[in-house]
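This report introduces a protein model to a reader who has not met it before. Please look over the sequence and the structure shown below before reading on.

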Amino acid sequence: YLFRGTATARAIRPMIDNRSTRATKSFNVKLLREVPLSVVMFLSGLACAWGVVFPFEVVGDDMLQADFGYSANDGGFTIALAPMISILSPLMAPFLGTTLPQKLVACGSGSMILTAAFLVIGLLRKPALGIFTLGLGY
């Protein structure tokens with residue numbers, strides 16, 4: 001009620017009233033079959049990257065302190081390497097290609113680099129190198 005009577009409210013109200021009287025379209029799950037497979041794979045790759053990197057940034061500092069003997073400051077700085085490296089991604093983006101297949105290759109390569117980063121941390125026990133590689137993959 002704060003904005004009732006203002007010019008904006010008077011302009012918007014007819015649109016809201018018309019929208020509520022119109023028949024609304026319902027969502028049909030069958031429409032998902034029309035999404036191209038390349039789009040599904042691209043979105044899946046992005047979901048995997050986000051599902052891996054962001055949770056790791058939360059627990060990574062504790063892991064560095066408990067498993068690798070880092071201090072709280074050193075662990076925090078080391079975890080911050082990943083976003084510091086990935087912030088440079090706009091500089092690399094023009095070299096990754098502009099077509100959808102090129103972008104899919106870049107997304108797949110990034111996912112493989114992320115996997116390699118966690119293998120470096122887990123198997124080679126080199127956390128700084130692994131987190132640097134994580135930033136490259138992300």
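Which element gives the most to the lining of the largest pocket? The model is a predicted one, and in it helix α6 gives the most, with eight residues.

**The largest pocket**

The volume of the largest pocket is about 600 Å³. Its lining is made up of 23 residues, and Leu96, Ala106, Cys107, Gly137 and Tyr138 are those that lie nearest the centre. Two or more lining residues come from each of α2 (37-68), α5 (89-92), α6 (100-122) and α7 (127-137). By residue class, the lining of this pocket holds 13 nonpolar, nine polar and one charged.

**Helix α3**

Helix α3 spans residues 72-79, and its buried residues are Gly75, Thr78 and Ile79. Viewed down the axis of α3, these buried residues fall within an arc of 100 degrees, so they line one face of the helix. In general, an α-helix has 3.6 residues a turn, so residues three or four places apart point the same way. Asn73 and Phe77 are exposed on the other side of α3. The partners against which the buried residues of α3 pack are α2, α4 (81-86) and α7.

**Three residues in α4, α7 and the loop before α7**

The table sets out the location and accessibility of three residues.

| Residue | Location | Relative accessible area | State |
|---|---|---|---|
| Ser86 | helix α4 | 13% | buried |
| Arg125 | loop between α6 and α7 | 45% | partly exposed |
| Leu129 | helix α7 | 47% | partly exposed |

Why does Ser86 count as buried? Its relative accessible area is 13%, and buried means under 20%. Leu129, at 47%, is partly exposed, because that term covers values between the 20% limit for buried and the 50% limit for exposed. Ser86 and Leu129 are 43 residues apart in sequence, and their C-alpha atoms are 14 Å apart in space.

Ser86 has neighbours both within its helix and beyond. A polar atom of the Ser86 side chain lies 3.3 Å from the backbone oxygen of Pro83. Leaving aside residues up to four places away in sequence, Ser86 touches Gly135 and Tyr138. Of these two, Tyr138 is also among the residues nearest the centre of the largest pocket.

Arg125, in the loop between α6 and α7, has a phi near 60 degrees, a positive value in a residue other than glycine. Most residues other than glycine have a negative phi.

Methods:
Residues are numbered from 1 along each chain as its sequence is written. This is a predicted model: local features need pLDDT of at least 70, side-chain atom pairs count only at pLDDT 80 or more; totals for chains, interfaces and linings use all residues. Side-chain values use heavy atoms; hydrogens and water are left out. On a 1 Å grid over the protein atoms alone, a cavity is a set of points where a 1.4 Å probe fits but cannot get out, and a pocket is an open set with protein on both sides within 12 Å along at least five of seven lines; lining residues have an atom within 4 Å of a point. Grid points are joined across faces, edges and corners, and a volume is the space filled by probe spheres set on the points. Helices (H or I, at least four residues) and strands (E, at least two) are DSSP runs, numbered from the N terminus. Ala, Val, Leu, Ile, Met, Phe, Trp, Tyr, Cys and Pro count as nonpolar, Asp, Glu, Lys and Arg as charged, and the others, Gly among them, as polar. Buried means under 20% relative accessible area, exposed over 50%, partly exposed in between (1.4 Å probe, protein chains only). The arc is that of the directions from the helix axis to the C-beta atoms. Contact means heavy atoms within 4.5 Å. A polar contact is a pair of N or O atoms within 3.5 Å; within protein, one must be able to donate a hydrogen and the other to accept it, and residues adjacent in sequence count only if both atoms are side-chain atoms.
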